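Here's a quick briefing to read alongside the model. It starts with the pocket, then moves on to the cores and a helix.

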Amino acid sequence: MSHTKSGKVFEEQRDNEYYLNRQDAFESNVRSYPRKLPFAIAKAKGVWITDVEGKEYLDCLAGAGTLALGHNHDDILEALNAFLISGMPMHTLDLTTPIKDQFSEALLSILPNKGKEYCLQFCGPSGADAVEAALKLAKIATKRNTIISFTGGYHGMTHGALAVTGNNGPKEHVTNLMPGVQFFPFPHNYRCPTGMSGEKGAGILACQFQHFIEDVERGTPLPAAVILEVVQGEGGVNPAPIHWLQQIRKVTQEHGILMIVDEVQSGFGRTGRMFAFEEAGIEPDMIVMSKAIGGGLPLAILGIKKQFDAWHPGAHSGTFRGNQLAMAAGISTLNTLNKPHFLGSVMQRGHWLTGQLQALQSHYPCLAQVRGRGLMIGIEIVDEGLPSDSSGAYVGDGLLAAEIQRQCFKQGLILERGGRNGNVIRLLPPLIITQDECFEVVLRFESALERAIKQMRNA
């Protein structure tokens, strides 16, 4: 230990290995990110992270999309500092405050029709709790018992949220998850479950869904709700085709089935629109919101069409429903997102990055597809040396994708994987990323890609 002139005690900074070893001793096996990104963070600003050894990294993970404005954004820090010296309470259960009042008004104003038909439910601080609330409320409001979800979707790790999540890995040893969940195939940009690519495959899936709901011998009662992501994040940055999404909305409205849209990762400017569902021109019955809305601090909210707000007081409660600091940061985040041309800039940067990555495909055939919306980008990694399927899609190569991620880390570029067997490289940079920083992302990615191919394919 050392002392500053003020007498405060601080620990001398050690190397990454020191902190990782201590983390290994302190924490459960459940930790995941340190296994893929083995470093200890000393400081961060904007799009950049500096580890305890002084190495800088471009952050294209951004707290899995939480840090819409990057690390330690000046406006957010100013809002937090002002709150801390204001004397306002940090914790209020679900009691209101001037900050909560201002935040609620700002959030409702960006919902469809300026939120006139919606009310807000402040949930526990994770997106999973808002998903749990949505599932419960749908059953209460419709007096039905079942839920339809979609393959490839991710909605959280609590029991109900996990039950409607497509990934089987976390479910393998967890018994007695929420019953009454039925999965339908979700369209896939590269490997459509119908064996047909593009709009034709999506059209078949939309028709299949409609026929099932309208079939009087479908073998099951009508569901309470459908839950989906407009752009599947953990599922490999897989956007829902617009016509398919519109058709699902049409069928659900006609049959009194609530549509729950999970915007936890895709919301608040990530796709170049405030919400991903806006592109399809639909209005969900419930909107699940978290991650970016708290400005980097924990906050989760459910937007509910007022006609379906069937809760009794206290029917879904939690101690940490009133994160005042997160609301202060959230107001600052919304103010920035609402600035003229901000979302247009997100769209522009996303188009540029996607185009540059697509240009690499002619040189690197393992890059089967680059897709996404705005600054939510996925790169499908395949083994082009193996036979393709009937639609022309090659087998996903999760091992090469993992090596690309490892080499990117060595090159000072932080990103994540997703999709089936982890074969999709995912980019979720802060929305404030500059053109020069986008250029640096592409340079570092290509360098890492070359090294990964040499390492894996030569081996």
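**Pocket, cores and a helix**

Sorted by class, the residues lining the largest pocket come out as 20 polar, 13 nonpolar and 8 charged. Keep in mind that this is a predicted model.

**The largest pocket**

- You've got about 1200 Å³ of space in there.
- Its lining takes in 41 residues, and the ones nearest the centre are Tyr-33, Tyr-154, Met-157, Glu-234 and Gln-265.
- Three elements give two or more residues to that lining: α2 (33-36), α6 (127-142) and β18 (416-418).

**Nonpolar cores**

- As a rule, nonpolar side chains in soluble globular proteins tend to be buried together.
- Here, the largest nonpolar core has 94 residues, and the members touching the most others are Leu-107, Leu-228, Trp-244, Phe-268 and Phe-445.
- Helix α10 (residues 324-337) chips in with the largest share of this core, at 8 residues.
- There's also a second, separate core of 30 residues, with Cys-123, Ala-163, Met-286 and Leu-302 among them.

**Helix α6, back from the pocket lining**

- How far apart are the end C-alpha atoms of α6? They sit 23 Å apart, which agrees with the 22 Å that its 16 residues should span at 1.5 Å a residue.
- Plenty to look at along α6: its buried residues include Gly-127, Ala-128, Ala-130, Val-131, Glu-132 and Ala-133.
- Further along α6, Ala-134, Leu-135, Leu-137, Ala-138 and Thr-142 are buried too.
- Right after α6 comes Lys-143, which has a positive phi, near 60 degrees.

Note on methods
Residues numbered from 1 in each chain as written. Predicted model: local features only at pLDDT ≥ 70, side-chain atom pairs only at ≥ 80, totals over all residues. Heavy atoms only, no water. 1 Å grid on protein atoms, 1.4 Å probe; cavity = no way out; pocket = protein on both sides within 12 Å on 5 of 7 lines; lining within 4 Å. Points joined across faces, edges and corners; volume = space filled by probe spheres on them. Helix = DSSP H or I, 4+ residues; strand = E, 2+ residues; numbered from the N terminus. Nonpolar A, V, L, I, M, F, W, Y, C, P; charged D, E, K, R; others polar. Core = buried A, V, L, I, M, F, W, Y, C linked by side-chain atoms within 4.5 Å. Buried < 20%, exposed > 50% of the residue type's maximum accessible area, 1.4 Å probe, protein only. Expected span 1.5 Å × (residues − 1).
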